[in-house]
Amino acid sequence: MTETIAGDTVGGAKLIGTADRRFPLDGLGLTLVIVALGVIFTLINPRFASVDNFLNILTQASTYIIVAMGMTFVIAKAGIDLSVGSMLALVTCVFFGFIDDGMAWGLALVIMFALGALLGAFNGILVAFLAVPALIATLGTMVAYRGLALLHSSGKLYYGLPLEIVWLGQGHIFGIPVPVVIAAVFVAFSWWLFNRTPFGVHCRAVGGNREAARLSGIRVSRIEVLVYTFSGICVTIGGLIWMARIDGTQATFGTAMEIHVIAATIIGGTSLFGGRGTIYGTLAGAILLTMLNNALVIAGVEFFWQLVAIGVIVVIAVTVNNIRENRITWLETLRVRRNQARNRSVARGSIA
Amino acid sequence: MSVAQDHPASEVPSSGERGRSQEGEEPPLLSVVGLEKSYGGLKAIDGVSLTIEKGEIVALVGDNGAGKSTLIKTICGALRPDAGDIFLRGKPVDFGSPKDATDAGIETVHQSLGLVDTLTVPENVFLGREETTRLFGLFPQLDLGKMRAETRKLLERFGISVPTLNEPVFRLSGGQRQTIAISRLLLSEPSLLIMDEPMAALGVDEGRRVLDLVVNLRDEGIAVLMISHNLEHVFQIADRIAVLKNGKLVGVVSTSDVSRESVVGMITMGVASIDPKRTDR
Ligand SMILES: Nc1ncnc2c1ncn2[C@@H]1O[C@H](COP(=O)(O)OP(=O)(O)OP(=O)(O)O)[C@@H](O)[C@H]1O
Ligand SMILES: [Mg+2]
């Protein structure tokens, strides 16, 4: 993901030691974990290693991957979006409502995307212009959007989509499930947006140092609204695939989705402190979580224990990140003391 | 302190200055009149009036907490003044954001360094004004190659070396970071440069290069407002010196007319006189 260009050294200075280059390892380390887990699961249950199961995991992961792309931008901007699950329920219920009313699916789709963008933008407006902390703002809309979904559907279980839409969830392109293709294209797009466009840099700048970003002429509020809007659009795409895959929706769908998505993003190595993130890491994190889920289901572990497992993994992931960024001061102190002790004993040895 | 408050010089610009800006065919590049800014109950700047002409270096000096940074922040759009007016080439301006000021040709290096730790060197240098190409002729995309090449050129111009351009800048030294912040100034063609303690973190050689740069820019016709605690630097390059104390302008003097001692007197005692008979009062 990082490229070292020739002639990168200015003025002949030496390169910083490679041991110091921690950031690019995020994705690689996670990839190794995924492979290791895959081997372990296969040893336990040979069925795990099939191509079908692999595509199945990716299909299951597709919605999480896409929503987590938006979350990566939001968290890199030093924000958080707790409302993703509720937004997903609301936009899919509204879409289904229109379909049930006999609206053309193309028009319903346009309205669905506009609504997703609007719900996201509303989060952004709360954060940017009313200075509501993102955690509180999106906690509020998480409840409010869920309420709207329940109101709109009055508890109804929607089903029966037009075939064109069902294809988005259940079709195949050259043997690859359409959701996987959509997710792959969207990840590539997100990587480009995050690393290669002014918008991506501005998100990371606002997350890393809001005041410096402002003084550099970035319109911080605008970036803030755009970033939450992007999250809303990601949710809409993810929701579209989700409802197409199961050919139905309900106002309670997507409950606790925010936990999975935030977990995937953080496991991937995106800093909760803002300023940096990695698209590849998020992708790997989402796949890892789905894989784990899949394995737990195959092993017959209860749903409630799956939740416990995810909680534990998130805490471990954040801790690993903190160790890597030297944020845990007592650990750092311990390390320094040990080094000093070693140096002292070496010095004594040389005197003796 | 009492001397400063007794003295009327802070409210009224000296008659010489006012005359100059009215007689000249052109209005001054920048003039601020009666600028005020408070933080809560504290008046950080209090009725400051100042003009800067095209092609001159004005040094802004004063003790810690005198209000220097606050003054330049109100000029560059980072803070909105509570009262007072800012004129650019004789036209009143009201900057709602730093971007408005940048668009009007005012470039600023801030004291606390406007860098984002987690971004790379080129990303920082070009922050807010990225070089772009169009992907498929349509979507704006960073021109990283050009940004890196330009960054390398800028850094070489200041004679500093940075291990690699792709690292986040928090691994760099204070002086390297300072130089990166300063090099941002050269990306556009500003008419007014504002620098808040640009030399503070720099080594001897790097500092000299920045001084040379400032003088070169002045000779090209750019106006410079520079905050510095280093009177040696100030006397080396400044055309005029503005002294601030407790938020009030003690006075503005020509570098050629004053001794270092009288400037020190102005800074510490707030005596707005260059007349030796009055300084020993
Ligand atoms: N954001 C702020 N909130 C409250 N008070 C502030 C703020 N910034 C500055 N002040 C106060 O305003 C006064 C002027 O501060 P300012 O930063 O302008 O001083 P300065 O002349 O730049 O000092 P220095 O030489 O130390 O940089 C100080 O008393 C300071 O405590
Ligand atoms: Mg200051």
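Start by selecting A:Cys203: its sulfur lies 11 Å from the closest cysteine sulfur, that of A:Cys234, which is too far for a bond. This is a predicted model. A disulfide here requires two cysteine sulfur atoms within 2.5 Å, so the A:Cys203 sulfur has no bonding partner. A:Cys203 is buried, at a relative accessible area of 0%. Now select A:Cys234, which is in no disulfide either, with the A:Cys203 sulfur as its nearest at 11 Å. A:Cys234 is likewise buried, with 0% relative accessibility. Over all chains, the count of disulfides is zero.

**A buried aspartate in chain A**

Stay in chain A and select A:Asp81, in the loop that runs between helix 2 (51-76) and helix 3 (84-100). What is the nearest side chain of opposite charge to A:Asp81? It belongs to A:Lys77, 11 Å away, and A:Asp81 has no salt bridge although it is buried. Turn on polar contacts for the A:Asp81 side chain. One goes to the side chain of A:Ser83, at 2.8 Å. Another goes to the side chain of A:Ser231, at 2.9 Å. To see the surroundings, show the residues that A:Asp81 touches beyond four places in sequence, among them A:Met71, A:Val74, A:Met87, A:Tyr228 and A:Ile262. Asparagine, threonine and glutamate side chains can be displayed here too, since A:Asn123, A:Thr138 and A:Glu258 are also touched by A:Asp81.

**Positive phi angles**

Most residues other than glycine have a negative phi. Next, select A:Ser154, whose phi is positive at about 40° although this residue is not a glycine. A:Ser154 sits in the chain A loop between helix 5 (134-153) and strand 1 (158-159). Is A:Ser154 buried or exposed? With 65% relative accessibility, it counts as exposed.

Move to chain B and select B:Asn246, another non-glycine residue with a positive phi, about 45°. The loop that holds B:Asn246 lies between strand 11 (240-245) and strand 12 (248-254) of chain B. B:Asn246 has 37% relative accessibility and counts as partly exposed.

Then go to the end of helix 10 in chain B, which is followed by B:Gly270, with a positive phi near 70°. Helix 10 itself covers residues 260-269, and its buried residues are B:Ser262, B:Val263, B:Gly265, B:Met266 and B:Ile267. In an α-helix there are 3.6 residues a turn, so residues three or four places apart point the same way.

**The magnesium ion**

Select ligand 2, the magnesium ion. Which atoms coordinate the magnesium ion? They are OG of B:Ser69 and OE1 of B:Gln111, at 1.9 to 2.2 Å. The two residues are 42 apart and link distant parts of the chain: B:Ser69 is in helix 3 (residues 68-75) of chain B, and B:Gln111 is in the loop between strand 6 (106-109) and helix 5 (121-125). B:Ser69 counts as buried at 18% relative accessibility, whereas B:Gln111 counts as partly exposed at 43%.

**Where chain A touches chain B**

Finish at A:Ala212, in helix 9 (residues 210-215) of chain A. A:Ala212 is buried, with a relative accessible area of 2%. Which residues does A:Ala212 touch, leaving out those up to four places away in sequence? They are B:Gly114, B:Leu115 and B:Val116. For a last distance, select A:Ala347, which is 135 residues from A:Ala212 along the chain; their C-alpha atoms are separated by 46 Å.

Terms used:
Residues are numbered from 1 along each chain as its sequence is written. Chains are lettered from A and ligands numbered from 1 in the order in which they are written. This is a predicted model: local features need pLDDT of at least 70, side-chain atom pairs count only at pLDDT 80 or more; totals for chains, interfaces and linings use all residues. Side-chain values use heavy atoms; hydrogens and water are left out. Buried means under 20% relative accessible area, exposed over 50%, partly exposed in between (1.4 Å probe, protein chains only). Helices (H or I, at least four residues) and strands (E, at least two) are DSSP runs, numbered from the N terminus. Lys and Arg count as positive and Asp and Glu as negative; His and the chain ends are not counted. A salt bridge is a side-chain nitrogen of Lys or Arg within 4 Å of a carboxyl oxygen of Asp or Glu. A polar contact is a pair of N or O atoms within 3.5 Å; within protein, one must be able to donate a hydrogen and the other to accept it, and residues adjacent in sequence count only if both atoms are side-chain atoms. Contact means heavy atoms within 4.5 Å. Donors are N, O and S atoms within 2.8 Å of the metal (3.2 Å for Na, K and Ca); water is not among the atoms, so sites may look incomplete.
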